Structure formats: C-alpha cells, structure tokens
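Me: Hi! I'd like to walk through this one with you, starting with the ligands. Could you open it up?

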Amino acid sequence: MRSINKGNEKDEIRINAYQLFTKLAPSVFGAAPFALIIAALISILQSVFWVLETMAQHKFFDAATSLTTGKIAFRIVIFYLCILALANIGCQVLNGVINYIFNVLIEKITGKLSLNIHQKIARLSPIDFENTKKLDDINKAINGKNNAVLFTLLVASIFTFYIPYFFFMGWYLFSLKPILVQSIILVFIPTAATQLIRSRIFTKMEDKSGPVRRECEYYENCMVSREYFKETRLLGGFYFFKKQFIDTLKLLQNLRFRATMKTNLIELTMRIVTVCGYYGILYMLFEALMNREITVGAFAAVFNSIGSLYGIMEEIICRNLGSMAQNLGTVQNYLKLLEMPEREGVHYDIPKNFDIVLDKVSFSYPGSSKEAIKNVSFTIHHGETLAVVGENGSGKSTMIRLITGLCTPTKGSVSFGGIDTKKLSMKSLFSKTSAVFQKYQRYQMKLCENIGISNVERNIDKDLLDDACIKSGLNQEDSSFTNGYETMLSREFDGVDLSGGQWQRIAIARGFYRDHELIILDEPTAAIDPYEETRIYNKFAEISKDKTAIIVTHRLGSVKLADRIIVMKEGRIAQIGTHEELIQTEGEYSKLYEAQEQWYREVLV
Ligand SMILES: Nc1ncnc2c1ncn2[C@@H]1O[C@H](COP(=O)(O)OP(=O)(O)OP(=O)(O)O)[C@@H](O)[C@H]1O
Ligand SMILES: [Mg+2]
C-alpha cells in the first residue's frame with residue numbers, strides 16, 4: 001500500500017525557474033496590477049536609498065575625520081549627519097511600506113491563484129478524479145499554490161530590489177576600486193550553485209513524497225473525522241490507521257531528512273568558500289586604505305556596508321532562493337495542473353425530447369485493464385422509464401456514468417439526440433440531466449440550500465422546494481427541522497444532524513428540484529424501508545411521465561413500474577424487457593425476483 005510512485009519520474013518535463021516565472025507572471029500580474037507597479041517602483045527607490053545611505057556614511061566619516069584635523073567647519077559635519085539620518089529614515093519608511101504592500105499582495109494573489117485552480121478543476125474531465133496519478137497532481141498543485149505566489153514575488157523583488165541594489169552598489173564600489181566588484185561576483189557563484197543543486201534534490205523529493213503525503217493525510221482523516229469515528233472506534237480500525245499514519249509520516253520525514261542532509265552538506269562547503277571570500281575583500285579594502293587608494297570614510301562606509309551586502313546575499317540566496325529552490329517542485333505542480341488537458345466539447349442545445357443511444361460501448365477505469373462495461377448497445381427513448389438491476393459490481397453505476405456523460409466510453413459511443421457525448425461540452429451535456437447518486441453528498445448547509453444547490457441559477461423557490469419535498473417524502477415540518485427550511489444541517493456549524501433515511505430523502509429532493517428531461521436514481525434509497533422506497537419510486541414514475549427516468553435498484557419490487565428493465569451481469573446486458581416478459585423467461589431476473597418475492601412474503605408479510 002505504501003509504494004512510492006517511481007514509474008513516471010522520467011516522463012516528467014522539468015521547466016526552469018525562468019520558464020516558471022514567465023508562465024506564472026500573467027496571472028500574478030492580473031491579480032493586482034496597480035499594487036504590483038507601485039511595489040516595483042518603491043522597491044527600486046528602496047535600493048537607491050540603501051546605496052545612498054552607504055554614500056552618506058562615506059561622506060560623513062570623511063567629514064568627521066577632516067573636522068578632527070580642522071580642515072572643515074562643524075556645521076558641514078552636521079549637514080552630512082542630517083543627510084545620513086534622512087537616508088536612514090528613508091530606508092526604514094520604504095521598508096515598512098514595501099512590507100505592507102507585500103502582505104496585501106500575497107493575500108490578493110493567493111486568492112487569484114486559488115480561483116485559477118478551482119476553475120481549472122471544474123473544467124477537468126470527471127474521469128480524472130478516478131485516476132490516482134491525477135488526484136496526486138491536483139493535491140500537489142494545491143500545495144504548490146502558496147509557493148507559486150512567494151516565488152513570483154521573490155523573482156519580482158530580485159529584479160526590482162536586489163539587482164538594482166547590486167548594480168548601484170557595484171557602481172559605487174567600482175568607483176572606489178574596480179577589483180572589489182569582481183571579487184563580490186566571484187564569491188556569489190558558489191552560493192548560487194548550491195541553490196541550483198538544492199532545487200534539483202527537493203524537486204525529486206517532492207515527486208516521491210506527493211503520494212505518501214496523500215496517504216498520510218487520508219489515514220489522519222480516518223482517525224479524526226466524524227464521518228469515520230464510529231466505525232474506526234468500534235471495529236478497532238483506529239489503531240490500524242494510527243499505525244499506517246505513523247508509518248507514512250515517518251516515510252515522509254525520512255524523505256525530507258535525506259534531502260535536507262544532502263543539501264546542508266553541500267551548503268556548508270560553499271558557505272566556507274563564501275566566508276573566505278568575504279574576509280578576502282575586507283583585506284583588499286584594508287590594503288587599499290594603507291596604500292591611500294581610498295579614504296578613511298570610504299573604508300568605514302564600505303566596511304560597514306559590505307556586512308549588509310553579505311547579509312543581503314545570504315538573505316536572497318540562502319534563505320529566499322534556498323527555500324524557493326526547495327519549493328520549486330511544488331510551484332511546478334501548480335503549473336502542471338493548469339496545463340492538464342481539459343474535457344473539450346462544443347456547446348449544443350440538446351433538443352427537449354432527445355433519445356440516448358449506446359452503441360457498442362465498452363469502458364475501463366483509468367489504470368485498470370479490466371472492462372467494467374463490455375460491448376453494450378441499446379437505446380433509451382425519450383419519456384421512457386428504465387430500471388437497471390444486477391448484482392454488486394455488475395456495472396450498473398458505471399453504465400449510469402456513461403449515460404450521463406460523466407465518463408466517456410473507451411470503445412463505442414454514447415449519443416444524446418444524435419450527438420456523441422465526447423463532442424459535447426459538460427455544460428450542454430448536463431443541462432437537461434438530474435441525478436441522485438449512490439454516494440450522494442451531505443452538504444453542511446441549510447436545508448433549503450441542500451436542496452436548492454441543484455439549481456443555483458434560480459433563486460430558492462419555496463413552492464418548488466415544497467414540491468421536491470413532497471415527491472421525495474421529506475417532511476420539512478418534522479421536529480428534526482427546528483427552523484424549517486432554514487435549519488442548519490451540520491453539527492459542526494451549530495446545526496442538527498439527521499438520520500441516514502432523512503439525508504437520502506434530501507438527496508432525492510435535490511434531484512427533483514433541478515430542471516431536467518432525464519433523471520436518474522442510482523440506488524439512493526438503501527436507508528429507506530422497502531415500502532417507502534416503492535412509494536418513492538411509484539411517485540417518481542408518476543411525475544416522470546413525460547421525462548426520461550432511470551432507476552437503479554436491488555429491490556425488484558420497485559422496478560415493476562418501469563417500461564423496460566435491464567439486467568446487468570459482469571459488465572454486460574444479460575436481459576432486457578418488461579417485468580412481465582422477464583418474469584416469464586427463465587433467466588437472471590426471474591431467479592432474482594423469485595428469491596426476493598419469497599423474502600418479502602416470509603419476512604415482511
Ligand atoms: N472508480 C473506479 N475505479 C476502478 N474500478 C472501478 C471504479 N468504480 C467501479 N469500478 C469497478 O467497475 C466494476 C463495476 O462497478 P459498478 O460500481 O459500476 O458496479 P455496480 O453494479 O454499480 O455495483 P453496486 O451494486 O455495488 O453499486 C466493478 O468491478 C468495480 O470494481
Ligand atoms: Mg452502483
């Protein structure tokens with residue numbers, strides 16, 4: 001279970017920091033163009049002030065030295081001191097302003113990138129969510145989003161602060177002694193090389209740790225979430241998940257520890273080189289002072305600023321670029337998600353009375369060689385009520401996914417009103433369909449929102465809500481709903497929780513609330529007793545008279561009302577016909593019906 005995905009490492013296309021930046025820049029810039037321009041201008045101004053401060057120190061120290069020898073007047077020293085103080089205040093003010101703007105920018109841009117992710121996920125094919133590799137990529141992209149923001153802002157500050165600062169500072173040092181500039185650049189190189197290596201090591205680590213992290217998070221969820229707690233406590237699963245959680249956590253920590261160890265060793269070596277360079281430069285400065293190539297003021301100012309120059313180098317290269325290099329892999333995952341192929345298709349107004357034609361349809365889930373549906377062909381006529389029955393795993397839900405267009409066939413075709421579902425956009429495809437799935441959702445929202453969410457384009461309509469509730473047998477005046485339609489259905493948000501059957505009725509009401517020409521109930525009635533299920537299905541058939549309706553169920557008592565019944569077996573259609581036809585034919589259906597009829601007689605009657 002805990003295997004690490006090594007298979008696809010070689011297929012990954014790596015892109016460098018420059019390519020990452022050019023791809024990210026448009027969405028980042030679009031999120032807050034005005035604030036970014038202001039931030040860039042202030043950053044440049046800040047770099048100028050930092051150099052001005054060093055130059056002011058130079059002048060002040062020279063003036064102070066001259067004062068001791070009586071060459072200049074005291075007021076000139078005070079004048080230079082005031083300039084120095086102004087430069088210093090300027091630096092501090094600009095620093096505060098830029099920090100504030102950056103905090104605002106991070107909020108704004110993170111919001112924008114989150115939105116990009118959500119929009120992208122909405123455009124992905126639903127089948128991508130059945131693919132573990134793609135799920136991993138989505139998970140990694142969400143982690144990478146925050147780093148993408150930091151990365152872009154860091155690159156932007158390199159261009160608007162660090163590079164101008166080094167340029168102005170270099171120019172100043174060059175005017176003092178040209179060799180100073182070259183030696184600074186030479187010291188810079190080993191540190192930059194370290195970060196390149198670090199980036200590669202951490203990108204590889206991120207690829208390996210993605211699937212493990214997903215497992216680890218899943219085990220944690222199994223231990224702590226309310227959804228699992230009854231079962232995990234009572235059946236003892238808690239300790240199993242705890243062990244799995246600890247194992248995966250250790251594996252994650254181990255991966256990170258190994259990567260950190262490697263990079264720290266390399267970094268240590270390079271830092272020693274850098275420190276030697278630092279003292280080399282100080283020695284050169286001292287020599288220049290002794291040879292009277294520079295003044296005492298220049299020596300003091302450069303001596304002072306060389307410390308902050310190295311501080312900045314440390315900050316930009318070791319801290320910022322370092323952590324960035326470490327996270328570049330996750331930033332890449334964010335872009336990888338944005339570049340994932342989307343479900344394509346054109347918009348088409350499907351006619352109201354459309355037939356659905358399945359032609360030699362076969363389907364395998366991603367990563368599975370087994371066909372869940374095998375060469376299935378039939379037509380669902382508009383207005384027909386179809387029931388699908390069959391044993392567990394026979395392919396009923398998969399066929400429903402193919403009929404709705406949630407999945408597209410691996411072989412053959414499914415068409416809506418003559419148009420292949422592969423060619424239709426998801427919006428047109430789902431525009432006339434409503435469904436209640438086997439695994440329906442329990443939204444932690446108000447009752448009216450839980451039902452109304454299936455038709456968000458329309459404002460919540462009380463009459464329609466009532467209608468949907470009547471059809472699904474949900475009594476909103478029941479004492480469980482303390483505040484009627486406004487009752488909050490969530491214990492987490494100070495609301496109420498409901499029984500499984502009540503939740504199922506809400507899910508069914510949600511299905512009815514949506515405007516539809518095709519409606520599907522894929523066994524949403526397991527928690528509802530057989531009598532009530534039959535009542536719901538009868539109601540369903542009655543109200544779906546002029547609509548196409550598909551019912552999936554195991555309880556054959558509910559399917560008599562269908563115009564036709566399909567019996568599935570091992571991914572194929574074993575039988576198809578009306579209840580009367582099937583009951584008279586020896587086969588799967590009559591066997592199942594007899595068994596259930598006997599059960600109804602013995603147990604229920
Ligand atoms: N997401 C998935 N990924 C891979 N295989 C799947 C997936 N979902 C279902 N299958 C496989 O497809 C086959 C058909 O499953 P399906 O859910 O369609 O059966 P079903 O008839 O609806 O069963 P049930 O009565 O239990 O709901 C099964 O063998 C199952 O293992
Ligand atoms: Mg099913």
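Reply: Sure! One definition before we start: a polar contact here is a pair of N or O atoms within 3.5 Å. Also keep in mind that this is a predicted model.

Me: Good to know. Which backbone has a polar atom 2.8 Å from an oxygen atom of ligand 1?
Reply: That's Gly393, whose polar backbone atom sits 2.8 Å from an oxygen of ligand 1.

Me: And what about side chains, say Thr398 and Gln438: how far is an oxygen atom of ligand 1 from an N or O atom in each?
Reply: For Thr398 the distance is 2.4 Å, and for Gln438 it is 2.7 Å.

Me: How much of ligand 1's accessible area does the protein cover?
Reply: On its own, ligand 1 has 630 Å² of accessible area, and the protein covers 69% of that.

Me: Nice. How many residues surround ligand 1, and which are the closest?
Reply: There are 15 around ligand 1, and the closest are Glu130, Lys370, Lys396, Thr398 and Gln438. By type, the shell splits into eight polar, five charged and two nonpolar residues.

Me: Let's move to the magnesium ion, ligand 2. What are its protein donors?
Reply: Ser397 donates through OG and Gln438 through OE1, at 2.0 to 2.3 Å from the ion. The two come from distant parts of the chain, 41 residues apart. Ser397 belongs to helix H9 (residues 396-404), while Gln438 is in the loop between strand E6 (433-436) and helix H11 (447-452).

Me: Are those two buried, exposed or in between?
Reply: In between. Ser397 counts as partly exposed because its relative accessibility is 22%, and Gln438 is also partly exposed, at 38%.

Me: Changing topic: how many residues does the largest nonpolar core have?
Reply: The largest nonpolar core has 59 residues, and those with the most contacts inside it are Leu105, Phe151, Ile294 and Leu337. Several helices each supply at least two of its residues, including H1 (17-31), H2 (33-68), H3 (74-123) and H8 (296-338).

Me: Which helix gives the most to it?
Reply: H4 does, with 16 residues. H4 runs over residues 132-176.

Me: While we're on H4, Thr160 lies in that helix. Is Thr160 buried or exposed?
Reply: Thr160 counts as buried, because its relative accessibility of 15% is under the 20% cut-off.

Me: And what does the Thr160 side chain reach?
Reply: The backbone oxygen of Ala156, at 2.9 Å.

Conventions:
Residues numbered from 1 in each chain as written. Chains lettered and ligands numbered in written order. Predicted model: local features only at pLDDT ≥ 70, side-chain atom pairs only at ≥ 80, totals over all residues. Heavy atoms only, no water. Donors = N, O, S within 2.8 Å, 3.2 Å for Na, K, Ca; no water. Helix = DSSP H or I, 4+ residues; strand = E, 2+ residues; numbered from the N terminus. Buried < 20%, exposed > 50% of the residue type's maximum accessible area, 1.4 Å probe, protein only. Near = heavy atom within 4 Å. Polar contact = N/O pair within 3.5 Å; in protein donor to acceptor, adjacent residues only side chain to side chain. Areas by Shrake-Rupley, 256 points an atom, 1.4 Å probe, with all protein chains shown as cover. Nonpolar A, V, L, I, M, F, W, Y, C, P; charged D, E, K, R; others polar. Core = buried A, V, L, I, M, F, W, Y, C linked by side-chain atoms within 4.5 Å.
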